[in-house]
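User: Could you take a close look at one part of this model for me, and then walk me outward from there? I'd like the surroundings as well as the spot itself.

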Amino acid sequence: GTKKKAACPGLGLFYTILSAFLFSVASLFLKKIEDVHSVEVSLFRCVFQMAFVLPGLIYYKTGFLGPKGKRIFLFFRGFLGSIAMVLLYYAYQAMPLADATVITFTSPVFTSLLAWIFLKEKYSLWDLLFTLFAITGVILIARPPFLFGSRVTGIEGSYSDHLKGTIAAIASTLSAASTIVIIRKVGKSVHYFLSIWYYAVIGLIGCVITLFVLNEWRLPHCGRDRVFLILIGLLGLGGQVFLTKALQIEKAGPVSIMRTMDVVFAFILQALFLNQLPTWWTVGGALCVVASSTGTAIRKWRHSVKKAKQREI
């Protein structure tokens, strides 16, 4: 028979790094935009996702609603996913880029916790330790005055805005972890494009309603900001595509570990283009969060490899 052409070694990890870079640049552009609400930025992101996914739905003939028994899960996947996106964009606007990025990397830890509660997956003492590490990292970044005193240094803007951004980032992380648990619950019975379709459509509807209620709908006055809005949509979509391709050709464990490059890129871009060096508190929090997320990824990776070997036997 004909031999299969060997895949390029490390291609999946390269896609992961490229995805992390695109997401980080999109976050940088979000920081550069002035007087545009995070909900409006999310709306543009949803429009680009719909434009990308629609041809895929037609090509794969998946339909637009999905299997009857899975529609409620798809709805909550889209609802929670869109909430996570809006809150994340708000966090990027309200607090330093590196701080918000580090908090989002607690997602794998909270995913393990929620999967233990709702899917009855195994939750060991190691998982508890990683969760405590992640919480410690968030505390170092938030620096609440009752622990660190009233004079909190290294905060972008007022502390109240920093606290709001921290709460938004944590809520975004919990929402994103919930969507992963829902996707695990649905399994492979629903096509990936259909999952993104629900995410984009429900997010678009929710953003339009929210903008009219808040009366925040307005295009940026500056042409540069309009270009940034388009680039955020394109870069976010590109980052999602490359991350998906990475997961298709590489194991989830190495991809999860390599995704910590998001934090590295956030630190570099913040220093180069926002003229803001991260504080030692942020660095310490980043080390705690990266250690916890990496430990969680390695543990899940080893567990999946062990299960695969048992199936072979």
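Analyst: F75 sits in helix α3, which covers residues 71–94. Keep in mind that this is a predicted model. With a relative accessible area of 38%, F75 is partly exposed, and it belongs to a nonpolar surface patch together with I72, F73, F76 and F79. Taken together, the patch offers about 440 Å² of accessible area.

On to the aromatic rings elsewhere: the whole structure holds 9 aromatic pairs. Take Y59 and Y60: their ring centres are 5.0 Å apart and the planes meet at 85°, so this one is edge-to-face. Y59 is exposed at 64% relative accessible area, while Y60 comes out as partly exposed at 46%. Ring pairs also tie F14, Y15 and F242 into a cluster.

Charged contacts are quickly told, as a search of the whole structure turns up 1 salt bridge. R224 and D225 make a salt bridge through their side chains, at 3.7 Å from N to O. D225 has just 4% relative accessibility, and because the cut-off for buried is under 20%, it counts as buried. R224, at 40%, is partly exposed.

Last stop, helix α13: residues 280–312, 33 of them, spanning 48 Å from first C-alpha to last, close to the 48 Å expected at 1.5 Å a residue. Its buried residues include T282, G285, A286 and C288, plus a run from S292 through S293, T294, G295 and T296 to A297. V289 and R299 are also among the buried residues of α13.

Note on methods:
Residues numbered from 1 in each chain as written. Predicted model: local features only at pLDDT ≥ 70, side-chain atom pairs only at ≥ 80, totals over all residues. Heavy atoms only, no water. Patch = residues over 30% accessible without salt bridge, like charges linked within 9 Å, V, L, I, M, F, W, Y side chains within 5 Å. Areas by Shrake-Rupley, 256 points an atom, 1.4 Å probe, with all protein chains shown as cover. Salt bridge = Lys/Arg side-chain N within 4 Å of Asp/Glu carboxyl O. Helix = DSSP H or I, 4+ residues; strand = E, 2+ residues; numbered from the N terminus. Buried < 20%, exposed > 50% of the residue type's maximum accessible area, 1.4 Å probe, protein only. Expected span 1.5 Å × (residues − 1). Phe/Tyr/Trp six-rings, centres within 6.5 Å; stacked < 30°, edge-to-face > 60°.
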